[in-house]
Each structure stands twice: as C-alpha cells, then as structure tokens.
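Biologist: I'm new to this one and would like a close look at a single part of it. Could you pick a helix, walk me through it, and then show me how it sits in the rest?

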Amino acid sequence: MGGKEIPDKKLVEYSLKYIHGIGHTTGRQILRDLNMENKITKDQSKHEIISLRDAVSKYLIDCQLRLSNGLAIKRLKEIQWYRWKRHIQGVPGRGQRTH
C-alpha cells in the first residue's frame, strides 16, 4: 500500500503509520470514512484491503509528499526568505526566543 509494505501483525490503524505521510490521526480518519473495524491487518478481507488502498491513494503520500516538500524548500531558498536563513543557521524561525 502506498509503495510501502505494511506489517501484518498490527492493527490497521497502526499499520498505516508505516506509510510516509499518514499518521495516527489520518489513519483513524481513513477507517472512519470507510466505516471499517480496526482489526489486525492479516485478518482483513481482500475487499477491505482494496478499499483501504483506494482510500490511501487519495492522500499525498511517500514520493509525492517528499517532492512537494523539496520544491517548497527550494522555493524558499531561491527567494532567500527569512525563515530559510534561520533554518540554515539552525535556530527557530517562527518567533521563539533563543537563550
């Protein structure tokens, strides 16, 4: 699913967290949208797995997410934005104090 092998011995909600871009909240939301019970992944029927795969494909995951993040960082670097300069220096960029 999502270009990543998910573990069979965990609950579906936690197995989905192995896909880059899907966390705990998104995993719960996917199960809620599908009205699916949170059970162990290997106990899922083929129909449930297919519906899960379709639901996961709607989200921005793995290489698509990495590409979009990389492009956003590259854009900030090109325009030499203040936040990017702070990022390079390794200090907070959103107004936090430094001691």
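Modeller: Let's take α3, and keep in mind that this is a predicted model. Start with its length: α3 has 12 residues, and at 1.5 Å a residue they should span 16 Å, while the C-alpha atoms at its two ends are 17 Å apart, so the expectation and the model agree.

Now look at which way its side chains face. Leu 52, Ala 55 and Val 56 are the buried ones in α3. Those three cover an arc of only 95° around the axis, which puts them on the same side of the helix. There's a simple bit of geometry behind this kind of pattern: an α-helix has 3.6 residues a turn, so residues three or four places apart point the same way. Turn α3 round to the face pointing away from its buried side, and you meet exposed residues: Lys 46, His 47 and Ser 57.

So what lies over the buried side? The cover for the buried residues of α3 includes α1 and α2. Let's follow that to α2, which runs over residues 24-34 and has Gly 27, Ile 30 and Leu 31 as its buried residues. Seen down the axis of α2, they fall within an arc of 95°, so they line one face of that helix. They pack against α1 (12-15) and α3 (46-57), which brings us back to the helix we started from. On the face of α2 turned away from its buried side sit the exposed residues Thr 25, Arg 32 and Asp 33. Just past the end of α2, look for Asn 35, which takes a positive phi of about 55°.

Now zoom out. The protein has five helices and zero strands, so reading along the sequence gives the pattern α-α-α-α-α. Its radius of gyration is 18 Å, well over the 13 Å that the globule rule gives for 99 residues, so the protein is more spread out than a compact globule. If you box in its C-alpha atoms along the principal axes, you get roughly 50 × 30 × 20 Å.

As for burial overall, 23% of the 99 residues count as buried. The accessible surface comes to about 7600 Å², and 52% of that belongs to carbon and sulfur atoms. Finally, take the contacts with a separation of 6 or more: residues 24 or more positions apart account for 50% of them.

Conventions
Residues numbered from 1 in each chain as written. Predicted model: local features only at pLDDT ≥ 70, side-chain atom pairs only at ≥ 80, totals over all residues. Heavy atoms only, no water. Buried < 20%, exposed > 50% of the residue type's maximum accessible area, 1.4 Å probe, protein only. Helix = DSSP H or I, 4+ residues; strand = E, 2+ residues; numbered from the N terminus. Arc of directions from axis to C-beta. Contact = heavy atoms within 4.5 Å. Expected span 1.5 Å × (residues − 1). Rg over C-alpha atoms; globule rule 2.2 N^0.38 Å. Areas by Shrake-Rupley, 256 points an atom, 1.4 Å probe, with all protein chains shown as cover.
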